[in-house]
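Please walk me through this structure in plain prose, for someone who works at the bench and has the sequence and the model open.

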Amino acid sequence: MSEYVIARTRGGLCNRIKCLISSQRIARKYSKELLLSWPVDEDCGCRFSDLFDNKIAEVSQEDSLRLSRERAYQVCDSWRLLTLPEENLGPKFSRAYVSREGNNIDFEYERIPLGVREDVLKYVRKLTPINDIIEKVGEFREKFDRASVSVNIRSWPGEDRSVFFNIRKLYKVLDREKAGSFFVVSDSAEVLGQIKKRYGARVLTYPRRTFPGDRKSREGIQDALIELLLLAENKSLKASYLSTFSEMAWWFGGCRARVEVIPITFSGRLSIFSERIKMAIKRSAEQGDKSAADRGDKNG
């Protein structure tokens, strides 16, 4: 019987936060102690303690791999917000991002059942940013008004997911907003420049110390957390498709923002459709294998 749950975080900032929250929920349910593995690498060049004041026992990435081979340790290394068995969402719940299990809540926003939402929020609210980050968020949010709109743009430069983004799709969304400023966070300086040229003084951006999308430096990740918390301040959120950054902005805002997901391209929809077909075929094959094994057990 395992006595510990290791949150083995990886990837970018919000993937890691989701892994931590999932691990905390699992540890609480099974009365385990939590250990955190938060490696500083090219995906996140910043320690957990450079971002949050929460005191969580940490282990190195090497130790987490070693300890995971021991029965006393259970590992959570998923980027998902994992559901618990008693939440019983069923295999057909997920729509935004279809998984093999089908019961994930990632990117589902207002569709997430209230009870599940409130339990996840308990852990989101417990995360306490360091004072410097809190102060910078407090200073900048004075620029917002009641009509301000948060806009998170993931153009995925240099990645396969860049097929999802087309700036004309974004313009159609923003052109409908006739009042209020746009607080814009993007992973691309080029995209930010185009938006500022089109919307002028309506566009607000946080004065980052490094370039947009910088993951490798401590300052870059700290500024990313500031931007994340500022996105959470407004009542309207324009979210990028399958962006955990957009998703966590909604969670940090207490799930109060009205979310509109920026439409993706036709090519993007085709790629998603293809992935869902592959997933369905794989799931069907696994079910067939299980049925055959069950019949074999009965005949034996």
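**From one helix outward**

Just after helix H6, Gly200 takes a positive phi of about 60°. The model is a predicted one, and that glycine is a convenient place to enter it. H6 itself spans residues 189–199. At its start, a side-chain oxygen of Ser188 comes to within 3.3 Å of the backbone nitrogen of Glu190.

Which residues of H6 are buried? They are Val191, Leu192, Ile195 and Tyr199. These four lie on the same side of H6, because they cover an arc of only 100° around the axis. The face turned away from that buried side carries Ala189, Glu190 and Lys197, which are exposed. What do the buried residues pack against? Their partners are strand S4 (149–153), helix H5 (167–175), strand S5 (182–186) and strand S6 (203–204). As a whole, H6 lies across S4, S5 and S6, and runs at about 160° to S5.

Those strands lead to the sheet they belong to. It is an open sheet of five strands, ordered S6-S5-S4-S7-S8, and its pairing is parallel. The edges are S6 and strand S8 (258–261), each of which pairs on one side only. Strand S7, residues 236–239, pairs with S8 in the parallel sense over four bridges. In that pairing, Ala239 of S7 stands opposite Val261 in S8. H5 also packs on this sheet, where it touches S4, S5, S7 and S8. The direction of H5 makes about 175° with that of S4. H5 is thus both a packing partner for the buried residues of H6 and a helix in contact with four named strands of the sheet, S4, S5, S7 and S8.

The protein has another open sheet, made of three strands in the order S2-S1-S3, again with parallel pairing. Its edge strands are S2 (33–37) and S3 (73–76), and each pairs on one side only. Neighbouring strands of this sheet are turned by 25° against each other on average, direction ignored. Helix H1, residues 13–29, packs on the sheet and touches S1, S2 and S3. The direction of H1 makes about 170° with that of S1. Strand S1 covers residues 4–8 and pairs with S3 in the parallel sense over four bridges. Within these strands, Val5 stands opposite Gln74 in S3.

Next come the cysteines. A disulfide is a covalent bond between the sulfur atoms of two cysteines. How many disulfides does a search of the whole structure find? The count is zero. For Cys14, the closest cysteine sulfur is that of Cys44, and at 9.9 Å it is too far for a bond. Cys14 counts as buried, because its relative accessibility is 2%. For Cys46, the closest cysteine sulfur is again in Cys44, at 5.8 Å, which is also too far for a bond. Cys46 counts as buried as well, with 1% relative accessibility.

Finally, the protein as a whole. Its secondary structure comes to nine helices and eight strands. Of its 300 residues, 50% count as buried. Among contacts between residues at least 6 apart in sequence, 67% join residues at least 24 apart.

Note on methods. Residues are numbered from 1 along each chain as its sequence is written. This is a predicted model: local features need pLDDT of at least 70, side-chain atom pairs count only at pLDDT 80 or more; totals for chains, interfaces and linings use all residues. Side-chain values use heavy atoms; hydrogens and water are left out. Two strands pair if DSSP finds at least two bridges between them. Helices (H or I, at least four residues) and strands (E, at least two) are DSSP runs, numbered from the N terminus. Axes are lines fitted to C-alpha atoms, for helices over the stretch in contact, and angles run from 0 to 180 degrees between N-to-C directions. Contact means heavy atoms within 4.5 Å. Buried means under 20% relative accessible area, exposed over 50%, partly exposed in between (1.4 Å probe, protein chains only). The arc is that of the directions from the helix axis to the C-beta atoms. A polar contact is a pair of N or O atoms within 3.5 Å; within protein, one must be able to donate a hydrogen and the other to accept it, and residues adjacent in sequence count only if both atoms are side-chain atoms. A disulfide is a pair of cysteine sulfur atoms within 2.5 Å.
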